[in-house]
Every structure is written in structure tokens, then in C-alpha cells.
Amino acid sequence: MGIEYPLRILLIGNGGREHAIAWKLSQSPLVESIIAVPGNGGTATCPKVTNDTSVSADDFPALLELARKNNVNYVVPGPEAPLVAGAVDFFESAGIKSFGPSKKAAQMEGSKTFSKDFMKKHNIPTAAYENFSDYDKAREYLDQVKHDVVIKASGLAAGKGVIIPTSKEEAHKALKDIMQNKEFGSAGDEVVIEEFLTGDELSVLTFSDGYTIKSLPPAQDHKRIGEGDTGLNTGGMGCYAPTNIATPDLVAQIDRDIIQPTIDGMRKDEMPFVGVLFTGLMITSTGPKVLEYNVRFGDPETQTVLPLLSQDTDLAKIMVACSERYLDSVLIKVEPNFSATVVVAAGGYPESYSKGDEMTVQTPPEGINIFHAGTKLANGKLQTAGGRVIAASATAPESLRAAVDKAYEGVKLIQFNKMYYRRDIAHRAFKPTADTKEALTYAEAGVSIDAGNQLVERIRNAVRSTRRAGADAEIGGFGGEVDLSKAGFSSDAPIMVGAIDGVGTKLMIAQATQNHTTVGIDLVAMNVNDLVVQGAEPVMFLDYFGCSKLNPEVAAVFVESVAAGCRDAGCALVGGETAEMPGMYREDDYDAAGAAIGVMRASNRLPRHDAMAEGDVLLGLASSGVHSNGFSLVRRILAREKLDYAHPAPWDSQKSVGEALLTPTRIYVKSVLATLPRLKGLAHITGGGLLENVPRMLPQTLAAEIDVATWTLPPVFRWLKNAGNVAANEMARTFNTGVGMVAVVSPADVDAVKKQLENAGETVYTIGKLTARTEGGAGCILKNLESWS
């Protein structure tokens, strides 16, 4: 027997999603009444809607008794929990039709393991993954994988069971918290560890009757609590639609390659999907991939996209058409408008927050809707009752900016103690694109690689004039040598190698954040890494500290960090100079420089040009971050993005911008010295990046061919590239881009050298090979630079 009109609906749930559903359903002439269990302060005042708190939303027998008592003939479960628990099966077995999937079909949200296995079976594009119910096996897998990961509790975890670690340590902690400490209860009995995808996220809501699909405009939500997408994950702090990345071709591709195959696959697996499917997508460089499925309306996506439906599009009719399997005969009309939602949360959310605060909400003008979530009516007064309390949604025909501005006008109608909302909803849509944003370069930030090269040529003759026995006084390498045996000392005396360098404008970040604990390590690293690439072992170090007014505490912390770097490099800090020069520097600013001295036997001297040949392999040793070069450009980008050093880092939400950027330069000395006999050349990747530094170790007859797709561009460099609209070639000429040292080895020695370096703690990539260089040709050729886009 089919569903008879008018509809008397039981709506299960109390969130903003349920208020939006009730708001749209109440406009239908097919709907007589709606009972919301338990509902909220918004549904309580919605036409045709009555809240009922006499029964629990998860007590199906009590809900059935309430439904029969009120002659309900249609049930709409809002949240995922009742759907996964089998609400649709329960009510339909009692003779009451429902909108939503069966318990079997709801596993697509109830078990991430189930949904990932489904995607693999039906060739739905998604991230690489593995499922684990054994903690030790999961730990082993984490140690093996080279790519960044996402760790997901397989069961329902109220939208909080997804962890995106930024390091191996964080990944292991998250795994332990989920599987052993039961942070998400039984939801963490099994986990999914999947590849971390990069790109833009989209959310698509699709109506389906098990055969036909009808998708609403893709939306983009904002999960993080903080502006600039920083801080802890939430249920969603805002949303907008349509998005500028959802082109008609992309929307058609998503329907064709992902959503329709999903619906067809579920039907073939004898669990036809009826209801609304939420598909979370990442739009990667290789196309859209599924992040997750939800088996119900999203929140706050629902509050954003339902207002885009035309006045004559009847949500009740759509729902019934899905339940009765004739969705193909129903017209869904979407107005050509823009929509935005701003969620207002209780102060302290998503951590501890208060409830029961009185609040006021003024009547919104046309085009603005106020959707309640964590609210309730108590003795006739509206009170807060949750973390995400309420939201202002608005539509506008002229532009997304107009819709967003109207939504923020709606926020002004809401008042309660310590209310919090993000002020940057839809910021991704408003950011300048590569076509409109000025492309920044190192030169425009005030540093010219070309000018530096010109200076070397200008002073070359002056330097040569200082030659003496044992020292050829040539500049342009990584350091200078004096062969003591040729300088009149004993015939078995070693070759002395010297290097001198500073830290550059990275010091300005240390001074601005008053964190001087790492820049001394940088100073040592910049010098000793330049020694080891010549085959020398650093034996001693001297530092220079210049300031206008000496602060003993700052100077002491700095020297202590120099000592830490020397211990790491295995060299002695034998002396230094502290110069106090009033008026030379501004206030508490200081400058620093250092010199390292090393010793080398002639048999270890690098590079060995005569041994290099076409086909030799290039190995890249991973960097620890930006190291100590390119900071003038970094600071320029930060200033344009209006980010200060205390702000959470956009590429690492667990650290502040300053803390993340002050990660010290990696010292490669001990690991590299152990492999010297098998190395033909080494290049320290500093200012000038790969393009300028790799050729410094090569003869004029050979060039380095490097495939930059052989390693993943670290998040900090990806952010700098995108935020600064920095061209890929400029990135490769300014930053280390994730590779701090490059070695040349023969093909026969690759495996042994890689193993030795990895055992010493290095992350090693095979990045390219040596090729013949034509006269006047480039010394470094980079392939697949588009992979950094």
C-alpha cells in the first residue's frame, strides 16, 4: 500500500539539520503536521511543528507508540545514529513508511571499514587504505608507510573520529588513543588508516530511490574551529554553495564516476540506497576521490542547500518519491542563487562549554533564515543547549559575497553570553586565484640570487690574489681548503676545510617570538653541512654574536643552542666573539655568524668529478622544514596573508607559525660521513635551492636530471607556494622543497648507501640521475614541476 496524503510526519532529531528539514517540509501543502522528537527552540516555533520530549529519540518502541497515538504515516530520521540502528526497518515492519536507508545500507556510514571495502570492490575512486582491528599490526603499518595518513575510528564517533596527524609520533599517539585508550569507545575497535589526500573538499547531497540520483549543488563546509581553517575539528562552523571549483563538467564527472556507481553498486549488493546520500569528496590533481559517505543530510550543508530549492520544489514530494521508487518523475528545481551559513557556537566549543544561557533571536528579514541547533525553550525562554547553538543562513541572487554578508547580518540578530563564530566563512572562494594574485618571488622579497652570483664573479680575482702554497683561493664552492702537506707542514698532514655562514632573516622570527633555542643549531648546521659535502669532518666551531645592548639571558640561550648543534655534528665549540655596539642594531635585535673548521684526507675529497658518469643515481635526503634559507620570501607571504607568528600554522595546526618555522636545520654530518667511501658528490641545498646548488658539485660535462614527483612536497612548502602564488621554478630556486642534501652514487651502490643512511635515521628518496650536459646547458633539470601545483 502506498503512502497516503496528507503526511503526518515524525521527525527524529534536534539539530540545525532537523530545523532546516522541518522548515522546508512545513511549506509543503502535502504535509499536515510534524512531530519533532525532541526538536529544539527553532522547531518549537516552526509552522505545523510540535516538539515532543516525552520519549527518547533512540527508544524505537516508544517512538512507535507516539506515532500511532498521533496517526503518523511517515517517519524522517535526521541523524545517523537512528538510521544505523535500523530505524527505517523498524518502522516499516510496523507499517509506517520512512525516508532513509535500511540498516544494511546505513553501514556505509556506520562502518568506515565497510564503506572503504565497498569502494574498492566497485572501483569508486578513494584514497589508498588498510583496515586494522589488531593494534600491533596497525603500528607496524604506520612504521612502513612513507605517505602522510589519516586515521579513522571505523564506527560512529559523532563526527570526531577522524585524526589527521602531522608526524609519525602524532600518528602513533592517535592510534593508541583510539584503539587502546578507547577515546571514541567501541567505535575505535577497528580503524582505517588511509592516505592523506590534498586538494579542495566538496560535499554533495544526493536524493536516491535506489536507481535514480538527483544531486543538489556541491557545498564546501568549514570544519575547523578557528579562522583560516585552524584549530580543532568541529561538526562544522559554516558552509557555502555553490562553490567556484564545482564546474558543470566536474559536477557531471562526480555524478557519472562516483555517485551513480555507488548507488548501482549498493543495489547489486542487495542493499539499495533510499534517502539522501552525503558524499564527502577531495578534488585532487588526478580527479575527485571519496573521503566518506554519510547516509543522511549533512549539517550545516542542509541549512545551506535547502534554501536554494525553488518555492515550488516540494521536499515532502521528493522524499515520498524516493521511498516509493519514482524519483525520476519528480522535478527538483534549484534557483540560480548563492547561499551561505554561519554557525554560532558556545564559547569554549568544541571543548568544554556552558549550557542554559539565556539568548535572544530577533526576527530575520526576507532572504535570511535562523536555524536552531543546540537551543531549547525552558519556561517560555530560549536557552543554549549545545555546542553548535544556532546558525544564520542567507541567499542572494547577485553574488556569493552578498550571501555571506547577509548571513553575517543574520548573526547580528543573535545574542547570548560568550557566543563565538568564525568571521571568514567562504574565505577560500574569495582568495585570489593564480590568475589574480600577484606571484611573489625571492627577488621581490628583497633577495636576489642573481646579484649574489654577480658578486662572486666580481670578487673572484681579488680572492685569487691571496693564493699561497696549499690553498688555491677559489670561491664558489661550499667551503675553502688548505692542504697542510703542501703548505710546508708534514707530508701526512690533513687538509683543513673552512666554512662560514649565518642564519639570515630567520633570526627575525626568533627575535619576534623570543624563542632563541633553535637558531644556534641552524648556525652550526649551515656551516658543518657545507664542510661534509667536501668530505671533511667538522672538528671545531666559532661563533659571533653582535648586538646593541647585551641581554645575557638571550645570549646564553643562543650559545646553548650553538652547543647543541655542535654536539649533534661532533665538533667542539672552541671560541666566539660577543660584540656589544650601541646604535648598530634596533632595540633587542642581534645578528649571528659562525665558522666551522674540518679536516679531510685527500682520498675522501668530494666531489670526485673523474668518477662521475652518465647514469649515476641522485639520492635526496629529506629536510626538516624550511631550514635557514628563503625567509625573506616567507615573511613577505605571511604579511600578505595577515598571519602573525602566534597564529596556528596553516600547514600544521598543532604548532604556531613561529614554532613551526623555527624547526632547526637538519645536521647531516654523522650519517653522511659513514657513507663517504661510496659517494661521488654531495650538494647542500641552501639558498638557490636545487637549481643553484646541485650543479656546484658537478663537472661541466654532466647535468642532474631530477624528478620532483619522487617525493611529496612538504605541507609548509605547498602552503607557501599556494599562498604566495610562487611559481614552481621559483620554489626550486629559493627553498630546499623537502630535500636538504643530494648525493651522487653509482647504480651498484644505491641500495647499500640508502640502507646505511636510513639506518642512521635519514629519509632517503631516489630523485634522479646524471645525464650528459651540452655546452652552455643547464646543470640541473627538474621534471614534473606541475606535481607541485
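Two strands pair if DSSP finds at least two bridges between them. Keep that in mind as you look through these close-ups of a predicted model.

**Figure 1. Strand β27 has a parallel partner and an antiparallel partner.** Strand β27 covers residues 537–547, and strand β28 covers residues 572–580. β27 and β28 are joined by 8 bridges and pair in the parallel sense. To find one of these bridges, look for Phe545, whose partner in β28 is Thr578. Now turn to β29: here 10 bridges make the link to β27, and the two strands run antiparallel. A good place to start in this pairing is Met540, which stands opposite Ile597 in β29.

**Figure 2. Helices α16 and α17 pack at an angle of about 40 degrees.** Two packed helices are described by the angle between their axes and the distance between the axes. For helix α16 (residues 519–532) and α17, the axes are 6 Å apart. Angles under 35 degrees count as roughly parallel, and the value here makes α16 oblique to α17. The crossing of this pair is right-handed. Which residues of α16 make the contact? They are Val519, Gly520, Ile521, Leu523, Val524 and Val528. From α17 come Phe558, Ser561, Val562, Ala564, Gly565, Cys566 and Ala569. Sorted by class, the contact of α16 with α17 has 10 nonpolar residues, 3 polar ones and no charged ones.

**Figure 3. Phe558 and Tyr590 form an aromatic pair.** The count of aromatic pairs in the model comes to 16. A pair of aromatic rings is described by the distance of the centres and the angle of the planes. In the pair shown here, the ring centres of Phe558 and Tyr590 are 5.9 Å apart. Their planes stand at 65 degrees, so the pair is edge-to-face; the cut-off for that name is over 60 degrees. Why does this pair tie together parts that are 32 residues apart in sequence? Because Phe558 lies in helix α17 (residues 552–569), while Tyr590 lies in strand β29 (residues 590–600). You have already met Phe558 among the α17 residues that contact α16.

**Figure 4. Four strands, β6-β9-β7-β8, form an open antiparallel sheet.** Which strands lie at the edges? They are β6 (129–132) and β8 (162–163), and each of them pairs on one side only. β6 is joined to strand β9 (residues 191–195) by 4 bridges, and these two run antiparallel. Within this pairing, Glu130 stands opposite Ile193 in β9. Helix α7 (residues 135–144) packs on the sheet and touches β6, β7 and β9. The direction of α7 makes about 155 degrees with that of β6. Helix α6 (residues 112–121) lies across β6, β7 (149–153), β8 and β9. It runs at about 140 degrees to β6.

**Figure 5. Five strands, β12-β15-β18-β23-β20, form an open antiparallel sheet.** The edge strands here are β12 (220–221) and β20 (368–372), and each pairs on one side only. Further in, strand β18 (residues 338–345) and strand β23 (residues 388–396) pair in the antiparallel sense over 8 bridges. Try finding Val344: its bridge partner in β23 is Ile390.

**Figure 6. Helix α18 passes helix α22 in a left-handed crossing.** Helix α18 (residues 631–640) and helix α22 (residues 715–724) pack at an angle of about 60 degrees, and their axes are 10 Å apart. The two helices are therefore oblique to each other. On the α18 side, the contact is made by Val634, Ile637, Leu638 and Arg640. On the α22 side, Trp719, Leu720, Ala723 and Gly724 take part. The residues of this contact divide into 6 nonpolar, 1 polar and 1 charged.

**Figure 7. Three backbone details are worth a visit, at Pro6, Pro350 and Lys418.** The peptide bond from Tyr5 to Pro6 is cis, with omega near 0 degrees. You will find Pro6 in the segment before β1 (7–13). Another cis peptide bond joins Tyr349 and Pro350, where omega is about 15 degrees. Pro350 has its place in the loop between β18 and β19 (359–361). What is phi of Lys418? It is near 60 degrees, a positive value in a residue other than glycine. Lys418 lies in the loop between β24 (414–416) and α13 (427–430).

Terms used: Residues numbered from 1 in each chain as written. Predicted model: local features only at pLDDT ≥ 70, side-chain atom pairs only at ≥ 80, totals over all residues. Heavy atoms only, no water. Contact = heavy atoms within 4.5 Å. Axes fitted to C-alpha atoms, helices over the stretch in contact; angles between N-to-C directions. Parallel < 35°, antiparallel > 145°, perpendicular 65-115°, else oblique. Left-handed = near helix turned anticlockwise from the far one by under 90°. Nonpolar A, V, L, I, M, F, W, Y, C, P; charged D, E, K, R; others polar. Phe/Tyr/Trp six-rings, centres within 6.5 Å; stacked < 30°, edge-to-face > 60°.
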